[in-house]
Amino acid sequence: MFQVILYFSLLVLSISLVLFLIRIIKGPSTQDRILGLDCIGVTLVGFIGIIMILQETIAYSDIILVLSILAFVGTVAMSKFMERGAVFDRD
Amino acid sequence: MNVNEISEFIAAVLMLAGSIMAVISAVGIIRFPDVYTRSHAGTKSSTLAVLLTLLGAFLYFAIAEAFVSVRLLLGILFVFLTAPVAGHLIIRAAYRAHVEMADITIEDELKEVISQKEEEKDQSHLR
């Protein structure tokens, strides 16, 4: 029963990933696409949390930290590029 | 009910709540009319979804195997702190790039404030 519930949550999370992907493909502005990518990064963290329980291992907690940090840094870099035209300022 | 069943029950409830919250946020991202309302759906509820699933994993390992993982707690704290900041930055870039709002928007108060500030700057420049 527990396994069935976990697989069901994985299925629901993958449906939400597909919906984010649809928004990335057809989003009218670039900021929509950045928002969809940010949401995909955040949702993948939850995905790994469920896989950790399924495989009964604690070894993926590093991956959770690294993935959340990478998603944040990527989003900040992309939105700064969209706002000012450069990621690193020179002055 | 022994300890194993209790931990499985808690983890299952939190995982289900988290995944349903994620799909609610995805439906909001598909259905809302412009980028500002979409970010409202995307950042808040997907942050809550991740918090629920990670809390489920943390409680499962803490109760069933008596292993308190500090790295998981750090991950929860980091997602909780950074996801709203990322949404704020995206929306700020969208407003600066003049992304259009939906037709049902009634009032844009930030536009009036920005134009007022620019007028003041021009006048002080003339003097």
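## Note on the contact between chains A and B

1. A:D62, at 35% relative accessibility, counts as partly exposed, a class lying between buried (under 20% relative accessible area) and exposed (over 50%), computed with a 1.4 Å probe on protein chains only. The model is predicted, so local features need a pLDDT of at least 70 and side-chain atom pairs count only at pLDDT 80 or more, while totals for chains, interfaces and linings use all residues, and side-chain values use heavy atoms, with hydrogens and water left out. Residues are numbered from 1 along each chain as its sequence is written, with chains lettered from A and ligands numbered from 1 in the order in which they are written.

2. On confidence, pLDDT is the predictor's own score for each residue, from 0 to 100. Chain A averages 88, and 100% of its residues score at least 70, whereas the mean for chain B is 87, with 98% of its residues reaching 70 or more. Within chain A, helix α1 (residues 2–26) has the highest mean pLDDT among the elements, 91, and helix α3 (residues 61–84) the lowest, 89; helices (H or I, at least four residues) and strands (E, at least two) are DSSP runs, numbered from the N terminus. For the complex, the predictor gives an ipTM of 0.86 and a pTM of 0.86.

3. The contact between the chains (heavy atoms within 4.5 Å) draws 48 residues from chain B and 44 residues from chain A. The area buried between them is about 3,900 Å², with 78% of it given by carbon and sulfur atoms; this is the accessible area (1.4 Å probe) that the two parts lose on being put together, summed over both. B:I30, B:R71 and B:I90 supply 15% of the area that chain B buries against chain A, more than any other three residues.

4. Polar contacts across the interface number 7 residue pairs, with both residues at pLDDT 80 or more. Such a contact is a pair of N or O atoms within 3.5 Å; within protein, one atom must be able to donate a hydrogen and the other to accept it, and residues adjacent in sequence count only if both atoms are side-chain atoms. On the side of chain B that touches chain A, the elements giving two or more residues are α1 (3–31), α2 (35–64) and α3 (70–96) of chain B, and α3(B) gives the most, with 15 residues. By class, that side of chain B has 31 nonpolar, 11 polar and 6 charged residues, where Ala, Val, Leu, Ile, Met, Phe, Trp, Tyr, Cys and Pro count as nonpolar, Asp, Glu, Lys and Arg as charged, and the others, Gly among them, as polar.

5. A salt bridge is a side-chain nitrogen of Lys or Arg within 4 Å of a carboxyl oxygen of Asp or Glu. B:R38 forms one with A:D32, the closest N and O atoms being 2.5 Å apart. The structure holds 4 salt bridges over all chains. B:R38 lies in helix α2 of chain B and A:D32 in helix α2 (residues 30–55) of chain A, so this pair joins two chains. Both partners count as buried, B:R38 at 5% relative accessibility and A:D32 at 2%.

6. A:D62 returns here, since its side chain meets that of B:R71 in a salt bridge at 2.7 Å, N to O. The pair crosses between chains, from A:D62 in helix α3 of chain A to B:R71 in helix α3 of chain B. B:R71, at 38% relative accessibility, counts as partly exposed.

7. The side chains of A:E83 and B:R92 also meet in a salt bridge, at 3.2 Å, N to O. A:E83 lies in helix α3 of chain A and B:R92 in helix α3 of chain B, so the pair joins two chains. B:R92 counts as partly exposed at 35% relative accessibility, and a network of salt bridges links A:E83, B:R92 and B:R96.

8. Two further residues of chain B deserve a look. B:S19, in helix α1 of chain B, counts as buried at 0% relative accessibility; leaving aside its neighbours within four places in sequence, B:S19 is in contact with A:S9, A:V12 and A:L13. B:A41, in helix α2 of chain B, counts as buried at 8% relative accessibility, and, with the same neighbours within four places set aside, B:A41 is in contact with B:S25, B:G28, B:I29, B:F32 and B:S46. B:A41 and B:A66 are 25 residues apart in sequence and 36 Å apart in space, C-alpha to C-alpha.
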